[in-house]
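Hi everyone, thanks for coming. I'd like to walk you through one structure today, so please have a look at it with me.

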Amino acid sequence: MTLKENVVGVQHLGIPVWDLEGARHWYEEVLGFEAAYQKQVFYPARFDVVYLQQHDLTVELCCPPAHTHRALRERGHGVMAHYAMDAPDFTACAKRVAARG
């Protein structure tokens, strides 16, 4: 199976924000997204995260710890930090990517 066959879509877009509730409100009220779920992630420090959906698009808003805000200020509030792809066979996809360097 090639990567082209194994990557079937975008799972989510990750966007760091300073004010999680303010950003969540803006995505819901202005853009029409709906909250799917909220959680805390511990990598490498605690992040508060909310996933919002509109049709087949999922946005992950994450509020990093205060001590990391310097990096957020340099990159900019609300600028996409990462994206995740859907792969029905993640293990095969990861092995293929690793083999290709």
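Let's start at one turn of the chain: Gln-54 has Leu-57 as its bridge partner in strand 4. Strands, like helices, are DSSP runs here, numbered from the N terminus, with at least two residues (E) for a strand and at least four (H or I) for a helix. Before going on, a word on the source: this is a predicted model, where local features need pLDDT of at least 70 and side-chain atom pairs count only at pLDDT 80 or more, while totals for chains, interfaces and linings use all residues. Residues are numbered from 1 along each chain as its sequence is written, and side-chain values use heavy atoms, with hydrogens and water left out.

Back to that turn. Strand 3, residues 46-54, runs antiparallel to strand 4, and 7 bridges join them. Two strands count as paired if DSSP finds at least two bridges between them. The hairpin of strand 3 and strand 4 has 2 residues between the strands, and His-55 there takes a positive phi near 55°.

What about the other neighbours? Strand 1, residues 9-16, pairs with strand 4 in the parallel sense over 4 bridges, and Pro-16 finds its bridge partner in Cys-62 of strand 4. Strand 2, residues 34-42, pairs with strand 3 in the antiparallel sense over 8 bridges, and a hairpin of 3 residues joins strand 2 to strand 3. Keep an eye on Val-50 in strand 3: Gln-38 stands opposite Val-50, and Val-50 also stands opposite Leu-61 in strand 4.

Now, is strand 4 largely enclosed or not enclosed by the rest of the structure? Strand 4, residues 57-63, is largely enclosed, because 6 of its 7 residues are buried. By buried I mean under 20% relative accessible area; exposed is over 50%, and partly exposed lies in between, using a 1.4 Å probe and protein chains only.

That brings us to the largest nonpolar core, which has 11 residues, among them Val-50, Leu-52, Val-59 and Leu-61. Helix 2, strand 3 and strand 4 each supply at least two residues of this core. A nonpolar core here is a set of buried Ala, Val, Leu, Ile, Met, Phe, Trp, Tyr and Cys residues joined through side-chain atoms within 4.5 Å.

Next, Glu-28, whose place is in helix 2. Glu-28 is partly exposed, at 24% relative accessibility. Leaving aside residues up to four places away in sequence, Glu-28 touches Phe-33, Ala-35 and Leu-52, where a contact means heavy atoms within 4.5 Å. Glu-28 and Leu-52 are 24 residues apart along the chain, yet their C-alpha atoms are separated by 8.0 Å.

Which residue meets the side chain of Glu-28 in a salt bridge? Arg-24 does, at 3.3 Å, N to O. The two are separated by about one helical turn, because they lie 4 residues apart in helix 2, residues 20-29. A salt bridge needs a side-chain nitrogen of Lys or Arg within 4 Å of a carboxyl oxygen of Asp or Glu, and the count comes to 2. Arg-46 and Asp-48 also meet this way, at 3.1 Å, N to O, and Arg-46 is partly exposed, with a relative accessible area of 43%.

Finally, the whole chain. There are 4 helices and 5 strands, in the pattern α-β-α-β-β-β-α-β-α along the sequence. Of its 101 residues, 29% count as buried. Thanks for listening!
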